[in-house]
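I opened the model to look up how some helices and strands are arranged. My notes follow in the order I took them.

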Amino acid sequence: MTSAQNPDVLQQAGQWRREGRGVAIATVVTTWGSAPRPVGSQLAITEDGAFVGSVSGGCIEGAVVQEAVDTIHDGKPRMLDFGVTDDQAWEVGLACGGKIQVYVERLD
Amino acid sequence: MQSTTFEQLQADRTAKVPVVLAKNLRTGAETLLYLQGKKGARGWPHQVAEAARAALLADRSTTIETAEGPVFLNVFNPPLRMIVIGAVHISQSLAPMAALAGYDVSVVDPRRAFATGERFPGVHLSHAWPDEAMAAFAPDLRTAVVTLTHDPKLDDPALAAALRSDAFYIGALGSIRTHARRLDRLRTAGFPEHELSRIQGPAGLDIGARSPAEIAVSILAQATERLRKRAA
């Protein structure tokens, strides 16, 4: 559900942008299985790695922030896939066993 | 996201306008789409505007496939609202429960002894007459209206206003006999049968509720059912 959590995320993104900071927005666009946050959940990230919001229960935010910083620098949107696989299960996998797709774009 | 899109999105959300941010995930093209009107839909497949409308009604963001690539539809609906007529015992349970479920709750009762801050801490109270209060609230597709006073002077004008609105849920407390008499009055007032059938009366799912809090649960459950299942 979009109404409850998004206001603060986008408001903060706008605030950062007005302050002249580079900002990216990450959005959950697809989920499979028991993903922790619904489609539409968002994270706003600054070029120095500050962020608000959530796209998971905290499992993948770190990885999304890294990709977002790259997006802020090169302006290219990115589609990130996360799920539990053997080699990343303890790195950036989802403890719940779900899979999610996150779209990251720069706020111009 | 372009700054013009972002600023308009934020303006819409501040104004509590339901809006969808459509984003072509292949090309990066984006636009804002609304329940009514073709604004923003120009240059986008007709299918996208229709899917956006369905997504708003279902309150569910989704991705659809189009000839130009996958389009993500991010739904931004204003908060749900619940207008409760009658600052009665059931309302004291229903108001905080509905707030937990994500509703902006307003309780309307011109009887000032009932609608007090002590009885309804933190709840928006209106002492206006229900017809005036309903005109001010302007119920929409994301609004539930619940009448709980049993008093035709208070309930009837609110129900009439609710029937003239897009409110997704209209619940009226009262026994089967009370409800039958209520429908007779509204029929006399000129409401056709198919409109009267929008009123859930007696309000609430039949779960054997007895206490005020249990009745509040049954009403909130019925409103949830209407909200989540209508588009399914």
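I started with how H3(B) and H8(B) lie against each other; the model is a predicted one. Helix H3 of chain B covers residues 89–100 and helix H8 of chain B covers residues 212–229. I read an angle of about 50° for their packing, with the axes 8 Å apart. An angle between 35 and 65 degrees falls in the oblique class, so I noted H3(B) and H8(B) as oblique to each other. I logged the crossing of H3(B) past H8(B) as right-handed.

Next I listed the residues in this contact. H3(B) contributes His89(B), Ile90(B), Ser93(B), Leu94(B), Met97(B) and Ala98(B). From H8(B) they meet Pro212(B), Ala213(B), Ile215(B), Ala216(B), Val217(B), Ile219(B) and Leu220(B). Sorted by class, I have eleven nonpolar residues, two polar and no charged ones in the contact of H3(B) with H8(B).

I then turned to the sheet. In chain B, I found six strands in an open sheet with parallel pairing, ordered E7-E6-E5-E8-E9-E10. Which strands stand at the edges? I noted E7 (124–126) and E10 (199–200) of chain B; each has a single partner strand, so one side of each has no neighbour in the sheet.

Inside the order I checked one pair. Strand E5 (residues 80–85) and strand E8 (residues 143–147) of chain B pair in the parallel sense over five bridges. For Val84(B), I recorded Val146(B) in E8(B) as the bridge partner.

Last, I looked at helix H4 of chain B, residues 130–137. H4 lies across E5, E6 (103–108), E7 and E8 of chain B, and runs at about 175° to E5(B).

How values were computed. Residues numbered from 1 in each chain as written. Chains lettered and ligands numbered in written order. Predicted model: local features only at pLDDT ≥ 70, side-chain atom pairs only at ≥ 80, totals over all residues. Heavy atoms only, no water. Axes fitted to C-alpha atoms, helices over the stretch in contact; angles between N-to-C directions. Helix = DSSP H or I, 4+ residues; strand = E, 2+ residues; numbered from the N terminus. Parallel < 35°, antiparallel > 145°, perpendicular 65-115°, else oblique. Left-handed = near helix turned anticlockwise from the far one by under 90°. Contact = heavy atoms within 4.5 Å. Nonpolar A, V, L, I, M, F, W, Y, C, P; charged D, E, K, R; others polar. Pairing = 2+ DSSP bridges.
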